[in-house]
Amino acid sequence: MMNELLSSVTATRNSELRRITAHIPRILARRLHDKFPDLTADHLTFLGAIGTGIGGFIATLRNGENSPKNTKLTITSGLVMVASAGMDALDGQLAREMEQSNPGSGNLLAGQVKDAASDSFQELFLSIARAISAHKRGSKLGEIMALVNGATNSLSRLSRAFAESRQKPVPETGVGPVGIIGTRAGRAVLGIAATLFPEVREVPVQVAVDALVTGANIVTALQRTEIALDKSAPTLDEKTRQEAEIRFKALLVIEAISIGAAVITYKLLHSHSNHRQ
């Protein structure tokens, strides 16, 4: 079981993308660990979440004009968000490298929960940033779609944990193109792009992307729930089931926070507008 935990590709971490690219984060994490032995996976998780929030905030400072200042803000925001996404991609692998070099030094389950929470909050931060930008552009539809996206981003993680708690593995990147969009990799790429470029030649990119991702989130969650409720024999081991159950409970809380944050953000934006009027 320990060998499986330390592997990049397992029964639950089973995407073809992970299988093809597994050596890249492994090499980078190993070099990081060799060069900065005191750096932990928690540090990367924390920096990834904070960096994403900062990058999203920088994006909200733009005023919609085509000016050198806004270009600099876009580039800075993009670099911060991409760097943060890179840290997020390395934290799990760094945890496995540390465990391999010093067995028993870390709590891999706690790391999984923190990583899932960090992913959820990073996506929530960006959805709130897009809602604020949409509000500044006067796009109420943009606000709503960004916040609905933020409220649904954890559904695929929640349904995955539910399926694994019933000892049923699910495709890590979902089924087909919709599945990729409705899971972490697709959401990260599209979320950053829509935050940086909400409108292109007056085309409402952000509205379209948030609507697409929201739909993909819901479809992927339903597909995973269907797998969870299937009558077929369970295939995951008991330890994996227990770990998934803990993640499921944590993600229920995170989903409630995401919904609450979306509602509060909408009310604050419009309360501010009413005061100005």
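**Figure 1. Thr74 sits in helix α5.** This close-up comes from a predicted model. Thr74 has 16% relative accessibility. That value places Thr74 among buried residues, because buried means under 20% relative accessible area. Leaving out residues up to four places away in sequence, Thr74 touches three residues: Arg62, Leu196 and Phe197. Helix α5 spans residues 68-101. Helix α5 also appears in Figure 4, where α5 supplies at least two residues of a cavity lining.

**Figure 2. Nine residues form the largest nonpolar core.** The members are Leu124, Ile128, Ala131, Ala146, Leu147, Ala151, Ala261, Ala262 and Leu269. Three helices each supply at least two of these residues. They are α6 (108-137), α7 (140-152) and α12 (238-276).

**Figure 3. Leu147 and its contacts.** Leu147 is one of the residues of the largest nonpolar core. Neighbours within four places in sequence are set aside here. Leu147 is then in contact with Ile128, Ala131, Ala262, Thr265 and Tyr266. Among these partners, Ile128, Ala131 and Ala262 are listed as members of the core.

**Figure 4. The largest cavity has a volume of about 150 Å³.** The structure holds two cavities of 30 Å³ or more. Rolling a probe the size of a water molecule over the atoms shows where empty space is left. What lines the largest cavity? Its lining has 16 residues. Glu123, Leu126, Arg184, Arg187 and Ala188 lie nearest the centre. Helices α5, α6 and α10 (184-196) each supply at least two lining residues. Helix α10 gives the most, with six residues. By class, the lining has seven nonpolar, five polar and four charged residues.

**Figure 5. The second largest cavity holds about 40 Å³ of space.** Its lining is made up of Pro171, Gly174, Val175, Thr220, Gln223, Arg224 and Ile227. Which classes are found in this lining? Three of the residues are nonpolar, three are polar and one is charged.

**Figure 6. Arg201 and Glu202 lie in the loop between α10 and α11.** Most residues other than glycine have a negative phi. Arg201 has a positive phi of about 50°, although it is not a glycine. Glu202 also has a positive phi, near 65°, and is a residue other than glycine. Are these two residues buried or exposed? Arg201 is exposed, with a relative accessible area of 80%. Glu202 has 75% relative accessibility and counts as exposed. Both values pass the cut-off, because exposed means over 50%. Helix α11, at one end of the loop, covers residues 205-229.

**Figure 7. Leu222 lies in helix α11.** Is Leu222 buried or exposed? Leu222 counts as exposed, at 55% relative accessibility. The view pairs Leu222 with Leu155. The two residues are 67 residues apart along the chain. Their C-alpha atoms are separated by 9.0 Å.

Technical notes. Residues numbered from 1 in each chain as written. Predicted model: local features only at pLDDT ≥ 70, side-chain atom pairs only at ≥ 80, totals over all residues. Heavy atoms only, no water. Core = buried A, V, L, I, M, F, W, Y, C linked by side-chain atoms within 4.5 Å. Buried < 20%, exposed > 50% of the residue type's maximum accessible area, 1.4 Å probe, protein only. Contact = heavy atoms within 4.5 Å. 1 Å grid on protein atoms, 1.4 Å probe; cavity = no way out; pocket = protein on both sides within 12 Å on 5 of 7 lines; lining within 4 Å. Points joined across faces, edges and corners; volume = space filled by probe spheres on them. Nonpolar A, V, L, I, M, F, W, Y, C, P; charged D, E, K, R; others polar.
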